[in-house]
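Thanks for coming. I have one model to walk through today, and I will keep to the numbers.

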Amino acid sequence: MEQYLGISAAILGSLGGAGVIVVGLSSWLGKVWATRLMDNERHKHERDLEALRASLKAQNDKQLTEISSDFEIFKQTHLREHNDKLAIYRAALDTIVPILAKIELLVIGERGELSTEEKEAFENDRLRIYGYLAMLAPQSVMDANDAFVDLLLALIYDGEQTNWETVRNSALRLTNAMRADIGLNKEPVAYNGSR
């Protein structure tokens with residue numbers, strides 16, 4: 001080891017001041033190269049980082065577009081289903097009202113038994129309503145409809161007697177089940193009149 005140091009010292013001594021300049025230039029050149037290498041690495045790193053950012057942004061934009069598209073499809077489907085339910089429930093109620101008026105007169109004793117034509121119309125209407133409701137209504141609406149129709153069938157065909165309040169409450173349970181399904185109002189409607 002001493003030999004190497006001695007040789008190095010002899011070389012530097014023979015070069016004299018030029019040796020000091022060579023060492024200084026080597027040091028300076030080493031720093032310049034190190035700075036350039038660091039700059040190159042920094043630029044490469046920044047390019048890679050920017051490429052990664054661009055790739056992540058493209059993936060994010062693609063996923064966001066897919067999610068937006070899926071959400072729009074869901075929204076349109078939900079809106080269409082909601083509108084279909086509104087139309088079906090309105091059609092069902094429009095069909096129920098005429099027979100309900102006749103049943104009211106029958107229950108309060110203002111008219112006699114329904115005619116054969118009225119019974120046939122009732123049968124057609126109740127089956128139509130059931131078909132409408134079965135397409136989109138949840139089981140809670142179907143159960144309320146079944147209870148209402150069973151009550152009407154007992155009044156029309158079995159000659160059972162009841163009061164108008166029972167019929168009205170059964171019709172209101174069906175209406176409230178429909179309202180709850182479409183989310184119009186969480187509070188059920190009730191008849192608060194005196195008759």
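I will start with the overall shape and then go through the helices.

This is a predicted model, so please hear every value in that light. The protein has 5 helices and 0 strands. Read along the sequence, the pattern is α-α-α-α-α.

Now the dimensions. The radius of gyration is 44 Å, whereas a compact globule of 195 residues would come out near 16 Å. Along the principal axes, the C-alpha trace spans about 140 × 30 × 30 Å.

On the surface, the accessible area comes to about 14,100 Å², with 58% of that belonging to carbon and sulfur atoms. Of the 195 residues, 22% are buried. There are 22 positive and 29 negative side chains in the protein, and the centres of the two sets lie 9 Å apart. As for contacts, take the pairs at least 6 apart in sequence: 62% of them join residues at least 24 apart.

Next, helix H2, which covers residues 17-107. My example there is Leu 37. Is Leu 37 buried or exposed? Leu 37 has a relative accessible area of 56%, and the cut-off for exposed is over 50%, so Leu 37 counts as exposed. Follow the chain for 18 residues from Leu 37 and you arrive at Ser 55, with 26 Å between the two C-alpha atoms.

Moving on to helix H3, residues 116-136, I picked out Glu 123. Which residues does Glu 123 touch, not counting those up to four places away in sequence? They are Leu 153 and Tyr 157. Leu 155 is 32 residues from Glu 123 in sequence, and the C-alpha to C-alpha distance for that pair is 13 Å.

That brings us to helix H4, residues 139-157. H4 has 19 residues and reaches 26 Å from first C-alpha to last, close to the 27 Å expected at 1.5 Å a residue. Its buried residues include Val 141, Met 142, Phe 148, Val 149, Leu 151 and Leu 152. Asn 145 is on that list as well. The relative accessible area of Asn 145 is 2%, and buried means under 20%, so Asn 145 qualifies. What does Asn 145 touch, beyond residues up to four places away in sequence? The contacts are Ile 129, Tyr 130, Leu 133 and Leu 174. After H4 comes Gly 159, with a positive phi near 70°.

Last is helix H5, residues 164-182. H5 also has its 19 residues stretched over 27 Å from first C-alpha to last, close to the expected 27 Å. Among the buried residues of H5 are Trp 164, Val 167, Leu 172, Leu 174 and Met 178. Two arginines are on the buried list too, Arg 168 and Arg 179.

Ser 170 sits in H5. Its relative accessible area is 4%, so by the under 20% cut-off Ser 170 is buried. With neighbours within four places in sequence set aside, Ser 170 is in contact with Ala 147, Phe 148 and Leu 151. Phe 148 and Leu 151 are themselves among the buried residues of H4. H5 is followed by Gly 183, where phi is again positive, near 75°.

To recap the two ends of the accessibility scale I showed: Leu 37 in H2 is exposed at 56%, and Asn 145 in H4 is buried at 2%.

That is what I have. I am happy to take questions.

Terms used
Residues numbered from 1 in each chain as written. Predicted model: local features only at pLDDT ≥ 70, side-chain atom pairs only at ≥ 80, totals over all residues. Heavy atoms only, no water. Helix = DSSP H or I, 4+ residues; strand = E, 2+ residues; numbered from the N terminus. Rg over C-alpha atoms; globule rule 2.2 N^0.38 Å. Buried < 20%, exposed > 50% of the residue type's maximum accessible area, 1.4 Å probe, protein only. Contact = heavy atoms within 4.5 Å. Areas by Shrake-Rupley, 256 points an atom, 1.4 Å probe, with all protein chains shown as cover. Lys, Arg positive; Asp, Glu negative; His and termini not counted. Charge placed at Lys NZ, Arg CZ, Asp CG, Glu CD. Expected span 1.5 Å × (residues − 1).
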